[in-house]
Amino acid sequence: MKGTVHYELKDNVAVLTVDNPPVNPLSEGVRNGLYEGMEKALTDDSVIGVVITGNGRAFIAGADISEFGGKPEGHSLNDVFNKIETSVKPVVAAMNGLALGGGLETALVCNYRIASPSAFVGLPEVNLGLLPGAGGTQRLPRLVGPAEAMKMMIIGSHIPANKALKLGVVDDLSDDVVKSSIEFIQSVKNDQNHPQIRNIDKNIIEFRGNDDVFNEMKQFAAKIRKGQFAPGQIIKCVESAVNETDFDNGLKKEGELFLECLMHPQREAMIHIFFGERAAAKIDDVPRETHKQEIKKAAVIGSGTMGGGIAMCFANAGIPVHILDQDEDNLKRGIGVINKNYEMMVERGRLKPEAKEFVTGLITSSLNYDDIHDVDIVVEAVYENIDLKKKIFEQLDEVTKPETILATNTSGLDVDGIASVTKRPEKVVGTHFFSPANIMRLLEVVRGNESSNETLATIMDLGKKLKKASVVSLNAPGFIGNRMLFGYSNQANMLLLEGALPHEIDGALEAFGMNMGPFRMFDLVGLDLGWRARKLGKLETPLQAKISDALCDQDRFGQKNGKGFYNYVEGSRAPHPAPENEELYIKVSEENNIERRQISEDEIVERCMLGLVNEGTRILSEGVAQRAADIDIVYINGYGFPIWRGGPMHYANSMGLDKIVDRLDYYFEKTQSDVFRASEFLRNLANNGQKLGNAPELGDREPKKSFNVVNAGDL
Ligand code: 3H9
């Protein structure tokens with residue numbers, strides 16, 4: 001049984017300390033401990049009140065997420081909360097640290113709340129496809145009003161203690177929460193009544209019978225949590241909190257709606273991502289106790305969009321960073337962009353002016369390699385040219401101290417090739433940030449053949465400090481994310497050749513939940529990249545790229561020049577259909593003997609998803625990704641896959657691998673396209689009724705693709 005609660009008497013006050021490292025979730029042992037602790041305190045006449053607190057850095061981080069979907073054991077949270085709320089002796093929540101979900105809900109059934117200034121509170125259940133199901137939707141609106149409460153629950157934000165105090169979520173702040181709580185209990189021990197949030201209705205009464213605030217929230221939720229089930233449920237709960245005159249009716253409604261969330265596939269998908277993200281940060285064959293280098297100072301080579309964004313990541317994490325460029329004008333421009341980004345954050349209220357001063361003060365720059373001799377890590381972020389990168393790495397190897405980690409921000413070049421020019425290949429690693437690097441959460445960490453355990457452990461640790469979702473990929477063409485685009489993009493392009501129009505394909509995939517359809521993405525990236533690479537290498541245009549190359553021949557390069565698959569008006573990224581392209585689509589289809597036809601949304605989604613999933617299974621079968629969930633993390637954080645579907649691999653598992661193989665075989669028979677050729681690995685899993693999970697053991701893997709067999713522009 002996980003977790004326990006220590007019972008201690010201090011000055012006639014029972015102090016119940018939740019102990020369930022590292023973040024004290026309400027596992028069975030904790031629920032039982034709280035229940036029994038409350039009973040003991042209530043039956044001991046010498047006890048004048050109860051303090052509930054947490055051991056370590058957290059008060060209570062919520063219900064134990066790993067218990068969802070299983071059979072509940074021990075005392076329920078309801079039993080525990082009833083015991084606390086009906087206590088005749090005052091109960092104080094001494095919130096020493098994080099109080100999230102069921103943790104904040106525990107505090108809300110107490111009579112008083114005293115928080116440490118460093119504590120954070122929040123009801124982030126929505127991130128797990130859930131709603132606060134232990135009274136949070138009923139009690140929080142009574143403290144802060146329905147609008148603020150719904151905003152907190154729909155965003156799922158963590159609020160700092162001083163803001164919680166201002167909002168009235170906590171009553172006081174103290175550096176020593178247990179001592180202050182005990183003193184407080186001494187001061188109210190003779191009071192007959194202690195406040196209960198269930199009895200407060202001054203903040204909700206004015207909203208009774210008025211739908212405006214709920215309609216506004218529905219619009220807000222549709223915008224920031226498109227396609228998600230839980231936000232609508234949260235709003236319904238708060239409607240009950242406001243409109244039901246009997247508190248217990250509202251609680252009952254919350255219970256019913258919580259259960260619906262619990263049974264919903266989005267809950268399983270989102271919890272898969274919660275644990276998947278934490279698992280992805282671990283590398284199977286790198287022991288947890290591996291020594292990590294301290295990163296006290298960093299350098300970034302190149303002051304372009306990527307370099308600037310990466311430098312901001314370091315500064316935001318409080319790590320001094322030096323930007324190096326070879327061109328003074330570039331450097332000035334780059335620093336200017338960084339300043340503008342920070343200014344914009346201040347204007348939008350996302351950064352305090354003094355915080356801006358602090359972070360910009362951490363960024364220095366120059367044109368001189370000698371200035372980075374003492375840094376602990378260098379991230380090279382120049383444009384994708386292997387010869388240039390190799391030249392830079394030779395120089396970095398010369399000027400930096402021997403223990404400096406040398407990282408390359410490449411989206412697809414051979415990291416081992418780059419490492420080979422240094423005398424420290426064990427210190428070389430790929431760090432593929434996604435643009436804009438200061439905003440996008442994904443970090444693909446590319447493990448070179450010789451990258452040492454210490455280097456990898458240090459980078460994974462750094463990823464966490466930079467607030468990234470880090471995923472390890474072996475050094476293979478396209479790594480994980482871009483390689484998977486191959487099958488997906490191939491099918492999007494084939495559908496276009498077969499008769500569907502870009503806005504129809506994008507529309508179908510966006511309705512499925514993708515943040516951005518493939519043709520909007522192609523326009524954003526630039527159609528000319530593949531076209532130029534093929535021209536340079538005198539390579540033939542593959543069938544799927546014929547339309548894209550034909551558009552480039554007509555100077556349609558995408559967003560960069562205002563016309564591609566779509567048209568754009570200056571200063572806007574909004575796509576407008578380009579009917580003038582349709583003649584060209586028909587012509588290219590005809591030239592390639594492809595008969596155009598009406599294509600259904602279902603077929604569009606199915607073919608693109610099969611392309612994505614099948615390439616994912618190959619990546620797994622080669623061990624390029626450690627686990628299927630790692631691939632899901634990549635796709636959700638870097639490629640706009642809807643989190644509520646749990647990522648492409650989880651999606652395949654939930655469809656059933658036997659069905660996936662059937663559909664791959666169906667399309668393979670029709671098209672003979674390699675995109676639909678099911679691997680033996682996938683077939684075996686499907687035949688044995690298994691799911692996509694870990695990569696096969698080392699000896700059982702498919703050989704990984706080599707860099708020299710992949711054509712430029714194919715990926
Ligand atoms: C809820 O409360 C429902 C109720 O309303 C109603 C019930 C009826 N459970 O993230 P970290 C593990 S729903 C179980 O690396 P950090 C985590 O897996 C819950 N395990 O640390 C990891 O394990 P490992 C509402 C949990 O400092 C380890 O703890 N609460 C839980 O970066 C360290 O976690 C939430 O949604 C949990 N609740 O971040 C909060 N939480 O070491 C979810 C963590 O084996 N948690 N673990 O990989 C978080 O957001 C972050 O973990 C937190 C700490 C901010 C707390």
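The paragraphs below walk through the predicted model of this protein, from its overall build to a few chosen strands, a helix and two single residues.

Because the model is predicted, local features need pLDDT of at least 70 and side-chain atom pairs count only at pLDDT 80 or more, while totals for chains, interfaces and linings use all residues. Residues are numbered from 1 along each chain as its sequence is written, and side-chain values use heavy atoms, with hydrogens and water left out.

Taken as a whole, the protein contains 28 helices and 20 strands; helices (H or I, at least four residues) and strands (E, at least two) are DSSP runs, numbered from the N terminus. Its C-alpha trace spans about 90 × 60 × 55 Å along the principal axes. The radius of gyration is 28 Å, which agrees with the value near 27 Å for a compact globule of 715 residues; this radius is taken over C-alpha atoms, and the globule rule is 2.2 Å times the number of residues to the power 0.38. Of the 715 residues, 55% are buried, where buried means under 20% relative accessible area, exposed over 50%, and partly exposed in between, using a 1.4 Å probe and protein chains only. Among contacts (heavy atoms within 4.5 Å) with a separation of 6 or more, 74% are between residues 24 or more positions apart.

A good place to start on the strands is an open sheet of four, ordered 4-6-8-9 with mixed pairing. Strand 4 (58-60) and strand 9 (159-160) stand at its edges with a single partner strand each, so one side of each has no neighbour in the sheet. Two strands pair if DSSP finds at least two bridges between them. Strand 8 (residues 120-122) meets strand 9 in the antiparallel sense over two bridges, with Val-121 opposite Ile-159.

Strand 17 (residues 442-447) offers another setting: six of its six residues are buried, so the strand is largely enclosed by the rest of the structure. In a regular strand the side chains alternate between the two faces of the sheet. Here Leu-442, Glu-444 and Val-446 point one way, while Leu-443, Val-445 and Arg-447 point the other way. Strand 16 (residues 428-433) runs antiparallel to strand 17 and is joined to it by four bridges, with His-432 opposite Glu-444. Strand 18 (residues 469-474) runs parallel to strand 17, joined by six bridges, and Ser-473 in strand 18 is the bridge partner of Val-446.

Turning to a helix, the buried residues of helix 20 (residues 518-525) are Pro-518, Phe-519, Met-521, Phe-522 and Asp-523. Their cover includes helix 18 (481-498), helix 19 (502-512) and strand 19 (566-567). Gly-526 follows helix 20 and has a positive phi, near 110°.

Two residues complete the tour. Asp-171 lies in the loop between helix 6 (161-167) and strand 10 (172-173) and counts as partly exposed at 43% relative accessibility. Leaving aside residues up to four places away in sequence, Asp-171 touches Asn-111, Tyr-112, Arg-113 and Leu-165. Glu-268 belongs to helix 11 (residues 265-280) and, at 46% relative accessibility, counts as partly exposed. Its C-alpha atom is separated by 24 Å from that of Gly-611, 343 residues apart along the chain.
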